[in-house]
Each structure stands twice: as structure tokens, then as C-alpha cells.
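Visitor: Please take me through the place where the two halves of this model come together. I would like to go slowly over that one part.

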Amino acid sequence: MNISDPSFRLEKQIKLPEDEVHLWRVDLARVAHEEEKWKQVLSEDERKRAARFHFARDCQNFTATRALLRTVLGSYTACDPSHLVFCYSDKEKPSLSPDHLGDRIEFNVSHSGTIALLAFSRGRMLGVDVEQIREDLEHEALARRFFSPHEQQQLAAAPENDRIHAFFRCWTRKEAYIKATGIGLSLPLRDFDVSLVPGDENAMLSTRPDAREAARWSLREVPTDEGYVAALCVEGHGWRLQS
Ligand SMILES: CC(C)(COP(=O)(O)OP(=O)(O)OC[C@H]1O[C@@H](n2cnc3c(N)ncnc32)[C@H](O)[C@@H]1OP(=O)(O)O)[C@@H](O)C(=O)NCCC(=O)NCCS
């Protein structure tokens, strides 16, 4: 599902069955300039947060992404988007306030460059990550710092012309998992291994110290724009992706 029209709105309730995960792509280059319109949907604390961004573009991107997150959530929960209340974990992961516990809607957001991805499920924890591929990073140093030994071996074995993509496949898959758990970087990044295989639909290889944790999650690459890599991590198996 693609949002690239600045007049985007949802008139009726969208169904989110338990065996589906919905992934929306926001084309920030085409919608973020409608800042005044998106601001109307935000809460007071969100407007204050938007005003604190140093760069106007970051402010616009945050405002549009948060307003569209509210718009889609409003449709799943049959609520006015501007009335939704978020709460935040101690690691800042947003979720719907306990008023909406009955809906069991889980969501996660990621943005990079001119894209935002919004992922939704009913009753399944989930995390999404999108990264714009950058060639100007110290990939090898970052891999040594953040990737597990098995991931570093896979990266070293990747064909040279695929190595930067392989780096971002690893990064987004790890990030999607830590975002799904909500624990953030207090989860040691070397305590789990992901696959770097392109398009792998079962990319969670192993977890330590509890090996059973790996089977609890489905981790996969999701298709996205040229020049970007994205991954989605969802609790449980047997769901279908609608995107
Ligand atoms: C939020 C975090 C988990 C991801 O940040 P990021 O990749 O820079 O940013 P993304 O765009 O993918 O995600 C940001 C969104 O995730 C959500 N989020 C915030 N904290 C979160 C958390 N603890 N868990 C899950 N989602 C979170 C928010 O909706 C946020 O968007 P918002 O600020 O517009 O509301 C970050 O705090 C973090 O810990 N990053 C780790 C970076 C790193 O070193 N990764 C190594 C990978 S190998």
C-alpha cells in the first residue's frame, strides 16, 4: 500500500485480520510538504517535538509520517486519528494507549531518505526497518562493531559487488528484530545471528542464550524502492504480508 498523494485520507474502516501484516509505504518526497495539513492531526506534544527538529525537512518528514500513522491507525480502530493517544516504553517504542487494548493493534515505523514504512498487525509484536543504501560509511568497521562473528563471516564471503547491499541487509534485519522486541540497543547485537542471503524469508538464524527465541519470530526482507533495503520482523509464523 502506497501513500504518495498529499490529499490521502481513508473514508472507511480497513480490516486487519490476525493472519495478515500490513505494510504501508509513504513517499515523503511527495506528501511531506503539506505540513500545515498534517499538523492538524498531531497531538500537542507531537507538534512540540516537530518544532524541535533543527532541519525543516526533518520536521516535515516527522509531521507527515506521524499524521499518516494516525490516519491509518484511525481506520483500523474506527477512531478519529487526532484523538488517538500513544504511550511509550522506557526505550521510547510507541504503542496505542491502554484505551485501545481491545483492538490489539501493534505497529512500528521506520524512515530513511524520502521513505517511511508503517507496519501493522493484530496481536503480533513487530518491527520494521528501512535504510537508504549509503556507500560512504565505514562498513567494515561498523560490521566489526555491531555484527556477530557469523554475520561478519557471511559479509566477508559476499561477492565484492554485493557487499554494501549485504551490509544493509544485515543491518536492517538486526534492526527490525530489536525494534520488534522494543528493547533497543540494550539487546546485545552479537547475541543473535541473521542471514544475509538476498530475499531470505526465514532470516532469523539463531539467538543466544535462549536458542528457542529464534523460532518465536519471522524475519524477512521486504521489497522496497531502488537504493533502499528494508526488513520486517513479526512475532509468530503463518501470516501473510499485504503491501
Ligand atoms: C528507534 C531505534 C530502535 C531505531 O532507530 P532508527 O533506525 O534510527 O530509526 P527508524 O526510522 O528505523 O525508527 C524510528 C521509529 O521507531 C519507533 N521507535 C522508537 N523507539 C523504538 C524502540 N525502542 N523500539 C522500536 N521502535 C521504536 C518510533 O516510531 C520512531 O519513529 P518516530 O521517532 O518518528 O516516532 C533506535 O533507538 C536505535 O536504538 N537504533 C539502533 C541503531 C544501531 O546501532 N543499530 C545497529 C544495527 S546492526
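What percentage of the contacts in the protein with a separation of 6 or more do residues 24 or more positions apart account for?

Guide: The answer is 59%, where a contact means that two C-beta atoms, placed from the backbone, lie within 7 Å. Bear in mind that this is a predicted model: local features need pLDDT of at least 70, side-chain atom pairs count only at pLDDT 80 or more, and totals for chains, interfaces and linings use all residues. Numbering starts from 1 along each chain as its sequence is written.

Now to your meeting place. An automatic or database domain assignment splits the protein into domain 1 (20–123) and domain 2 (132–236). Their centres, taken over C-alpha atoms, are 25 Å apart, and each domain brings 12 residues to the contact. On the domain 1 side, β2 (20–27), β5 (105–112) and β6 (115–122) each supply at least two residues, with β6 giving the most, four. Strands (E, at least two residues) and helices (H or I, at least four) are DSSP runs numbered from the N terminus.

The largest nonpolar core has 56 residues; such a core joins buried Ala, Val, Leu, Ile, Met, Phe, Trp, Tyr and Cys through C-beta atoms within 7 Å, buried meaning 20 or more other C-beta atoms within 10 Å of a residue's own. Helix α7 (163–181) provides its largest share, nine residues. Both domains give residues to this core, so it lies between them.

A119 is among the residues with the most contacts inside the core, as are V26, L118, L232 and C233. Leaving out residues up to four places away in sequence, A119 touches V21, L23, F107, N108, L126, V128 and L232.

Conventions. Buried ≥ 20, exposed ≤ 12 C-beta atoms within 10 Å, placed from the backbone.
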